[in-house]
Amino acid sequence: MLIVALVLNSLSAKVSVVTSTTDLADIASTIGGERVKVVSIARGTQDPHYVEVLPSYMIKVKRADIYLKVGMELDRWAQQIIDGSRNRKLIIVDCSANIPRLEIPTRKIDASMGDIHRFGNPHYWLDPENGKIIGSTIAEVLSEADPAGANIFWENHRKFSKTIDSNLQSWREKYASLRGMKLIFYHNTWPYFANRFGLDIVQFVEPKPGIMPTPSHIETLISLIREHQINVIAMEPYFSDKAPKFLVEKTGIEIIEMAQSVGARSLANSYIEMIHYNLEILKKTLE
Amino acid sequence: MRRTFVLLTVIRSLSFSQTTVNPDISFLGDLLAKGDKESLALSTSGLEIAAQGYVNPFARADLFLHIHDSEGAVDVEEAFLTVERGLPLNLGLRAGKFRPDFGKINREHAHTYHYILASLPVQALLGEEMWSSPGAELSTLAPLPWYSKLSLSAMQNGMGGHGHDEHSHDKNEGNRELYDDEKRSEKKEEDNGNTGVVAFRFSNFFELNDISHIETGLNHYRAINESEGTVSGVDMKFKWRPDKYRSFTVQGEVMQNSGKEEHEEEKYHEDHLSEEHEGTTTIAYGWLNMQINKVWNAGFIVDYASELDEAPYNSFGLFVGFSPVEESSVLRVRLHQEYHGDEDPVFSVVGQLIWSLGPHKPHRF
């Protein structure tokens, strides 16, 4: 009886996956379906650059089969969680491995340039084409961890890619008016998204990545807003809106909060919804 | 032409491989200022150099050197190997010279103190640079639903020393001068202990919800030579962090030093905490810190010793911190009032500018 129970239990055991961010968690859930149990360390509303390492996260990873990292030094904190978990069997996957990267520094970088990532801009999941690549990486590792489910994972990946392709087609048509739209972002989170949908990033509220805006930079932004007739500052919900609000006062520009991750805004509860939400909120500013 | 190309390729690949295998190297420096009714003193505690990285897929190494400003002497504060993944039974191992897992403050580096200076009773008990010694530490995660860790450390030197080698100098010399107490600034040059000690810690971490957690610890320290004393303690930390830049943290610790018998070897903490080498001495500290926004934090610290230099001691400090550029540089100010026995209260103002070059930071949000 006990043996039967153990066998049934092992047959129904799910692959346990822990991810650094909610974006990877959502894609892993989509690819893994019923055969995986997925938990994200960072919440969608959190800045993925800075996550306080808590021992409770180590317990989550201790019980996991797979850890999915964003990579490109975005989630450097993940390594401390992985080490602290003492999980000898954990499969660690860097989801950036097959991504075509943007903004790889071509000269020596140092702290005077702000928080520059030496392997390129790490916010690659914001391009839906990269979502398909992430899905492929995840399908591969899930197939390794659970060979019996390989066909299901690859079939789920095929469906996921098809959904992205069909959405991309409709997004291109529906949001064609966004092409060439000039805007200011708070932080350099959006180059992949901007490239895909043809946005024109004029400047950032941060003078350098991770550096708070200075009075002289604010003056520059005011001039740029007036010169280029920019109507929108787009920011992530976790940044202070003090400087953007000052720019609103001075120029009448509009602030919008975009979803940099799944769950960052209430209407961005899945990967597809997140991309759709960001396009929709940008379009509304044109109306 | 082809040879030049090959040479360039080799140089490029060598430089790449060196970059990728180099450990993270950081430098931390500071400037301390203390003012009271009579004087203003500027000092620096020198330079801390940290090198940290993986030795292989299962182990990492951490090295912390301290170059003292006064005489340029270099101390190995810590140099140890940690094996965290790869051992059976959820075991972890540290070996080398390090700060054992005993209480909360013993593992915290001075540059992370919001309150600038460690409390004097804590320094008197653990050592001016906290307790560091050659030794080995084995820890395991208990098979419980929450994070529960047991650590057992076997160390060469007991607590209460300067925590560094025989050529060492007092890292907190500047700090101690700031207290302006001749008796307290007297330091022992000789290393102490060398009898072998063991320490035990049982800590538990509970995530109360998405934004708050509590950590508790039970600690015990015993010298292998039973004529030496024991130290027992409890600690607690609570943190509420609703978003990236706001938090509320409370941390406290109580330690009791007891059961000592008279012996010839003088120790720093014995001199200060128990002149009779008998009975018990209780010390405690507690602090509260509020991270108000990205750049400002403020809080207070209190500490207590039932006996320090033959008299009860306690102090109260208010502190404020300013971190203008992320975690790389911090300006801190502390207003400090000490009460020692029947002496008049001593008031002082302490300022600190601390900076870092590299990933080892003086401040975490």
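**Briefing: sheets, cores and chain contact**

In chain A, strand β1 (residues 15-19) runs parallel to strand β3 (residues 66-69), and the two are joined by three bridges. The model is a predicted one, and the points below take up two sheets of chain A, the nonpolar cores, and the contact that chain B makes with chain A.

**The sheet holding β1 and β3**

- Strands β1 and β3 belong to an open sheet of four strands in chain A, which has the order β2-β1-β3-β4 and parallel pairing.
- The edges of this sheet are formed by β2 (36-40) and β4 (91-94) of chain A, each of which pairs on one side only, and neighbouring strands are turned by 20° against each other on average, direction ignored.
- Within the pairing of β1 with β3, A:Thr19 stands opposite A:Leu68 of β3(A).
- Helix α2 (residues 22-32) of chain A packs on the sheet, where it touches β1, β2 and β3 of chain A, and its direction makes about 175° with that of β2(A).
- Helix α5 (residues 128-145) of chain A lies across β1, β2, β3 and β4 of chain A and runs at about 165° to β4(A).

**The sheet holding β5 and β7**

- Another open sheet of four strands in chain A has the order β6-β5-β7-β8, again with parallel pairing.
- Its edge strands are β6 (200-204) and β8 (254-257) of chain A, each pairing on one side only, and the twist averages 35° from one strand to the next.
- Strand β5 (residues 182-185) of chain A is joined by two bridges to strand β7 (residues 232-235) of chain A, the two running parallel, and A:Phe185 stands opposite A:Ala234 in β7(A).
- Helix α8 (residues 215-228) of chain A packs on this sheet and touches β5 and β6 of chain A, with its direction at about 155° to that of β6(A).

**Nonpolar cores**

- The largest nonpolar core has 82 residues, and those touching the most other members include A:Val17, A:Ile66, A:Leu68, A:Ile138 and A:Ile233.
- This core draws at least three residues from each of domain 1 (11-170) and domain 2 (176-286) of chain A.
- Leaving aside neighbours within four places in sequence, A:Ile66 is in contact with A:Val15, A:Val17, A:Ile91, A:Val93, A:Val141 and A:Ala145.
- A second, separate core of 33 residues includes B:Met130, B:Val231, B:Trp287 and B:Leu308.

**Contact between the chains**

- The contact takes 20 residues from chain B and 22 residues from chain A.
- On the side of chain B that touches chain A, the elements giving two or more residues are β9 (197-209) and β11 (230-243) of chain B.
- By class, that side of chain B has six nonpolar, five polar and nine charged residues.

Note on methods: Residues are numbered from 1 along each chain as its sequence is written. Chains are lettered from A and ligands numbered from 1 in the order in which they are written. This is a predicted model: local features need pLDDT of at least 70, side-chain atom pairs count only at pLDDT 80 or more; totals for chains, interfaces and linings use all residues. Two strands pair if DSSP finds at least two bridges between them. Axes are lines fitted to C-alpha atoms, for helices over the stretch in contact, and angles run from 0 to 180 degrees between N-to-C directions. Two residues are in contact if their C-beta atoms, placed from the backbone, lie within 7 Å. A nonpolar core is a set of buried Ala, Val, Leu, Ile, Met, Phe, Trp, Tyr and Cys residues joined through C-beta atoms within 7 Å. A residue is buried if 20 or more other C-beta atoms lie within 10 Å of its own, exposed if 12 or fewer, and partly exposed in between; C-beta atoms are placed from the backbone. Domain bounds come from an automatic or database domain assignment. Ala, Val, Leu, Ile, Met, Phe, Trp, Tyr, Cys and Pro count as nonpolar, Asp, Glu, Lys and Arg as charged, and the others, Gly among them, as polar.
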